[in-house]
Amino acid sequence: MTIPARVTRIPWKALVVAAVVALLSALIGPAAAQTAPTESRPVYSYDHAIRESVWVDTRLDGDADGKTDRVAVDIVRPREPAQHGRRIPVIMDASPYYSCCGRGNDSQRKTYDAQGRPVQFPLYYDNYFVPRGYATVLVDLAGTNRSDGCVDVGGRSDIQSAKAVVDWLNGRGRAYRTRTGGEPVTADWSNGRTGMIGKSWDGTIANGVAATGVRGLETIVPIAGISSWYDYYFAKGAPLYDSGPDGLADVVESPAAHQHCAAVQKRLVDGAPRSGDWTDLWTERDYVRNAGKVRASVFLVHGMQDLNVRTRNAGRWWDALARHGVERKIWLSQTGHVDPFDYRRPEWVDTLHQWFDHYLMGYDNGIERSPMADIERAPGTWSTDPRWPAAGTTATTLRPRNGATPGVGTLGTTPAPRGTTATFTDDPRLGESDWAARIDEPTPAKAGFSTGPLTAPLRLSGSGTVTVTATPSTSTAHLSAVLADLGPDTIRNYTGAGEGITTLADSTCWGAGNRGDTGCFRETAADTRQVGYTVFSRGWADLGNYADDHKGRPLTPGRPYTITLDLAASDHIVPAGHRLALIVAGTDAGLIDPPDSKPQLTLDLARTTARLPLTGGAPALARATAGTAPRTAGTGGPLAGLAPPRPAGHLPSAG
């Protein structure tokens with residue numbers, strides 16, 4: 001196969017020499033720090049690597065067959081360190097997708113030879129890191145692929161599937177050579193230092209295992225991961241999907257699990273009522289509440305336009321980790337549910353290499369002192385911040401008012417007069433794309449408010465809230481609040497099939513490879529569109545949750561209710577000449593399910609506010625809204641935007 005310039009083949013003798021030099025450097029210690037390497041090098045043979053499978057005992061009996069469940073663990077590790085008595089760290093990806101759905105943009109699955117030995121390890125972790133002295137460990141979650149047990153969608157079984165492997169790698173667990181046999185296997189090649197990585201459900205498992213505080217898990221890299229499964233399915237009672245966790249289990253479970261896991265499926269149905277009420281099932285699957293137990297460093301990656309695992313999951317997790325002083329780093333892209341390997345490949349692999357080298361191998365490469373945040377400002381254009389949210393960001397109150405044109409409001413700091421109202425009727429056929437495109441028109445399905453053209457850029461960094469007082473005409477009502485940047489721009493097409501990327505025909509190789517696992521992956525390019533507005537943050541709620549975030553109540557038509565909608569985390573700069581808009585409406589088509597009725601809602605504008613994370617706070621807002629600026633947002637009529645979000649899928653998958 002073709003090897004790109006960044007991947008080199010090293011003669012066998014050179015490998016041995018380099019390994020000896022690395023060993024001597026480690027033995028000499030700090031005195032030789034000036035000549036010690038600052039990164040791991042590809043000095044070990046990928047072709048000669050050890051490939052094996054073990055089954056780790058989870059100590060759970062999810063399928064109630066009277067035997068504790070064993071999860072399948074496929075391992076590829078360099079042969080040479082063990083030959084020299086050296087133990088090595090582990091990069092682990094625990095996933096339910098290795099047989100049903102595939103991993104990555106190339107939808108790779110695990111493959112095995114005729115004897116059942118692993119051949120293809122999906123993704124590039126093994127190709128790139130095994131020659132550099134890491135073991136790659138891929139875990140089938142309980143109830144999937146070659147593992148025993150049942151899928152419980154983020155619950156105890158899911159998390160224990162991976163935690164048990166971390167324990168085994170640290171000498172605290174049991175593993176066997178086969179699924180049913182009694183021959184024990186020890187991880188005598190592992191030094192116990194483990195890093196977990198993965199996208200979507202895989203990243204979710206990394207979050208959940210870290211929240212147990214397990215020793216030996218040194219770092220996690222959750223990519224588009226869930227931090228609370230309630231936040232995946234609901235937003236203050238408003239349903240984001242038309243099904244629950246039982247639907248996910250049905251997709252990923254192995255045929256054997258389908259036969260034996262009916263009781264677990266029933267618990268998933270019974271514990272996740274479509275009412276949106278909080279139950280014990282959601283408490284078990286809320287990792288945010290245990291952020292104080294996290295010992296691992298966290299490198300969090302999320303798309304700010306991810307409409308699958310929505311960015312509230314990233315924002316709440318990040319804020320909780322910050323409160324507990326967890327060492328952390330963040331990348332925020334303008335894509336949807338996309339892996340950074342597919343939108344910033346060279347920079348991502350280099351950064352990940354430094355991250356694992358520091359936290360798993362102990363290299364002093366400065367990664368922990370580098371800027372905390374990388375943020376995509378335009379397709380392929382990135383900025384950095386020493387901390388995130390940005391320094392100087394404070395919650396600043398903006399207030400909606402009616403404008404000179406009925407149905408077209410303004411947004412500023414002056415409260416609306418008492419008794420001022422705005423009215424809209426829920427139309428579940430419409431959503432944020434329709435509302436934002438017609439922000440300057442008095443349409444019946446929304447209440448829209450915008451600043452004048454800004455005289456200076458205005459940055460929003462972090463999570464905000466919108467508090468509304470609304471009077472419904474029916475006993476059920478859903479609410480949506482969105483922030484929009486009104487002005488021309490070129491953005492990633494996050495509602496397209498690739499969620500901001502296009503997959504190309506050409507491939508590049510990242511690390512070593514062989515016939516069974518080439519390490520080559522298709523290249524991508526940014527999929528962009530020119531638009532007249534950009535929706536950059538959203539929040540939803542069931543108005544029936546006005547008194548309790550965790551429990552809904554029937555509404556009394558004609559009575560006002562006050563509720564706060566949590567806006568998803570974002571980092572967006574509204575340029576000078578653009579306008580900042582707040583839209584309040586009912587069902588956000590394609591993103592939340594509609595209520596049983598189509599209510600008319602009347603907003604009390606004097607009791608409606610937006611608390612937004614403005615960098616520079618109120619003074620920055622005053623500067624940006626002072627005086628007049630030329631408007632850059634079109635010449636009349638609907639503003640151009642992306643296609644409306646597609647009806648929400650319900651599989652937090654890889655591709």
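This is a short talk about one helix, some salt bridges and one arginine in a protein model.

Hi everyone. Before we start, please keep in mind that the model is predicted.

Let's begin with helix α9, which runs over residues 262–271. Which residues of this helix are buried? They are Val264, Gln265, Leu268 and Gly271. These four cover an arc of only 140 degrees around the axis, so they sit on the same side of α9. If that seems surprising, remember that an α-helix has 3.6 residues a turn, so residues three or four places apart point the same way. And what do the buried residues of α9 pack against? Their partners are α7, residues 245–252, and α10, residues 280–284. Now turn the helix around: the face away from the buried side carries the exposed residues Ala262 and Lys266.

Stay with Lys266 for a moment. Its side chain meets that of Asp270 in a salt bridge, at 2.6 Å from N to O. Lys266 and Asp270 are four residues apart in helix α9, so about one helical turn separates them. Lys266 counts as exposed because its relative accessibility is 52%, while Asp270, at 47%, is partly exposed.

That brings us to salt bridges in general. How many does a search of the whole structure find? The count is 36. One that I like joins Asp549 and Lys236, with the closest N and O atoms 3.5 Å apart. Asp549 lies in the loop between β23 and β24, and Lys236 in the loop between β8 and β9, so this pair ties together parts that are 313 residues apart in sequence. Is each partner buried or exposed? Lys236 counts as buried, at 12% relative accessibility, whereas Asp549 is partly exposed, at 38%. Both belong to a network of salt bridges that also links Asp231, Arg312, Arg316 and Asp566.

Another salt bridge connects the side chains of Asp364 and Arg369, at 3.4 Å from N to O. Here both residues are exposed.

Last stop: Arg377, which you'll find in strand β12, residues 373–378. With 23% relative accessibility, Arg377 is partly exposed. Leaving aside neighbours within four places in sequence, Arg377 is in contact with several residues, including Gln334, Trp382, Arg459 and Asp571. With Asp571, the side chain of Arg377 makes a polar contact of 2.7 Å. His550, by comparison, is 173 residues from Arg377 in sequence and 35 Å away in space, C-alpha to C-alpha.

That's my tour. Thanks for listening!

Methods:
Residues numbered from 1 in each chain as written. Predicted model: local features only at pLDDT ≥ 70, side-chain atom pairs only at ≥ 80, totals over all residues. Heavy atoms only, no water. Helix = DSSP H or I, 4+ residues; strand = E, 2+ residues; numbered from the N terminus. Buried < 20%, exposed > 50% of the residue type's maximum accessible area, 1.4 Å probe, protein only. Contact = heavy atoms within 4.5 Å. Polar contact = N/O pair within 3.5 Å; in protein donor to acceptor, adjacent residues only side chain to side chain. Arc of directions from axis to C-beta. Salt bridge = Lys/Arg side-chain N within 4 Å of Asp/Glu carboxyl O.
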